[in-house]
Amino acid sequence: MASLGRFILFIGSMFVRRESFLTYVRLTIDECMKIGINSIFIVSIVSIFIGAVTTLQTAYNLVSPFIPSYVISLVVRDMTILELAPTVMAIVYAGKVGSNIAGELGTMRISEQIDALEVMGINSASYLVLPKIIASFLMYPMLVILSAFLCIMGGFLAGTLTGTLTGYEYIYGIRYEFVPYNVTFALTKSFTFALVVAAISAYKGYFTSGGALEVGQASTAAVTNSCIGILTADFLLTKLLL
């Protein structure tokens with residue numbers, strides 16, 4: 001309960017004694033580059049292979065001759081939109097971005113850069129953390145959209161190149177009984193996960209104490225707690241929205 005209260009006070013402290021709007025615009029753009037653009041490569045690689053493996057494993061399990069081949073891509077589509085793109089990528093995102101946020105803020109804390117900002121009268125939580133959270137909120141949904149597209153493309157390549165199903169069957173399965181609300185649900189989860197990862201990682205890094213060893217421990221704790229938060233939020237959102 002003490003940690004929860006401290007976390008709530010930390011979030012609240014970011015909205016007092018704020019800097020100018022242009023300052024946040026500049027800082028947020030810089031964070032968008034570090035958080036979003038630098039994560040495209042790992043997200044792309046993981047997404048393509050997840051889509052390919054999901055297609056092949058779905059085909060392996062559909063052994064009945066009465067089940068049409070287009071069901072494979074239908075399963076891949078729904079798994080990608082509902083779970084693989086928003087949730088599995090969130091775990092990757094926590095490992096890539098969450099550990100980076102915690103490590104950066106932890107290093108600034110132990111090197112007394114955060115204390116120097118406070119001495120100059122700058123709200124360090126607002127100046128350092130708020131742009132990271134805004135950038136995460138803006139960029140992660142875009143990464144989820146990219147991930148979903150690449151998952152489906154990876155499945156298409158794996159299915160057609162291995163002869164599991166034809167391109168026509170794959171595209172037909174993707175379009176068959178499509179539910180647009182699933183996309184809304186996936187984006188809702190992506191916005192939630194973006195806030196969870198950025199806020200928890202920033203909290204762990206901001207309150208680091210000690211030396212270099214503690215910075216590493218803070219990064220590990222940030223990833224671990226972010227994964228727990230992602231899975232908890234995933235369960236609650238699925239229960240409430242589906």
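This passage describes the helices, nonpolar cores, aromatic pairs and selected polar contacts of a predicted model.

Because the model is predicted, local features were considered only at pLDDT of at least 70 and side-chain atom pairs only at pLDDT 80 or more, whereas totals for chains, interfaces and linings use all residues. Residues are numbered from 1 along each chain as its sequence is written, and side-chain values rest on heavy atoms, with hydrogens and water left out.

Helices and strands are DSSP runs numbered from the N terminus, with H or I over at least four residues for a helix and E over at least two for a strand. Helix α3 comprises 22 residues (40-61), which at 1.5 Å a residue should span 32 Å, and the distance of 31 Å between its end C-alpha atoms agrees with this value; the expected span is taken as 1.5 Å times one less than the number of residues. The buried residues of α3 are V43, S44, S47, I50, G51, A52, T54, T55 and T58, where buried denotes under 20% relative accessible area, exposed over 50% and partly exposed in between, for a 1.4 Å probe and protein chains only. Among the elements that cover these buried residues are α4 (70-110), α6 (124-161) and α7 (167-175).

The largest nonpolar core, defined as a set of buried Ala, Val, Leu, Ile, Met, Phe, Trp, Tyr and Cys residues joined through side-chain atoms within 4.5 Å, has 43 residues, and those with the most contacts inside it are F10, Y93, L128, V129 and Y140. Two or more residues of this core are given by each of α2 (21-35), α3, α4, α5, α6, α8 and α9 (212-241), and the largest share, 12 residues, comes from α6. Leaving aside neighbours within four places in sequence, L128 is in contact (heavy atoms within 4.5 Å) with L105, M108, I114 and L117. A second, separate core of 5 residues includes I72, V76, I152 and L165.

A search of the whole structure finds 13 aromatic pairs, a pair being Phe, Tyr or Trp rings (for Trp, the six-membered ring) with centres within 6.5 Å, counted as stacked for planes under 30 degrees apart, edge-to-face over 60 and tilted for the rest. One of these, between Y70 and Y176, is tilted, with 5.2 Å centre to centre and 55° between the planes. Since Y70 lies in helix α4 and Y176 in the loop between α7 and α8 (181-206), the pair ties together parts that are 106 residues apart in sequence. Y176 is partly exposed, with a relative accessible area of 28%. The pair of Y93 and Y140 is likewise tilted, with ring centres 4.6 Å apart and planes at 40°; it ties together helix α4, which holds Y93, and helix α6, which holds Y140, parts that are 47 residues apart in sequence. Both Y93 and Y140 are buried.

The side chain of Y93 also makes a polar contact with that of S136 at 2.8 Å, a polar contact being a pair of N or O atoms within 3.5 Å in which, within protein, one must be able to donate a hydrogen and the other to accept it, and residues adjacent in sequence count only if both atoms are side-chain atoms. S136 is found in helix α6 and counts as buried at 0% relative accessibility.

D115, in helix α5 (residues 113-119), counts as partly exposed at 34% relative accessibility, and its side chain makes a polar contact of 3.2 Å with the side chain of R109.
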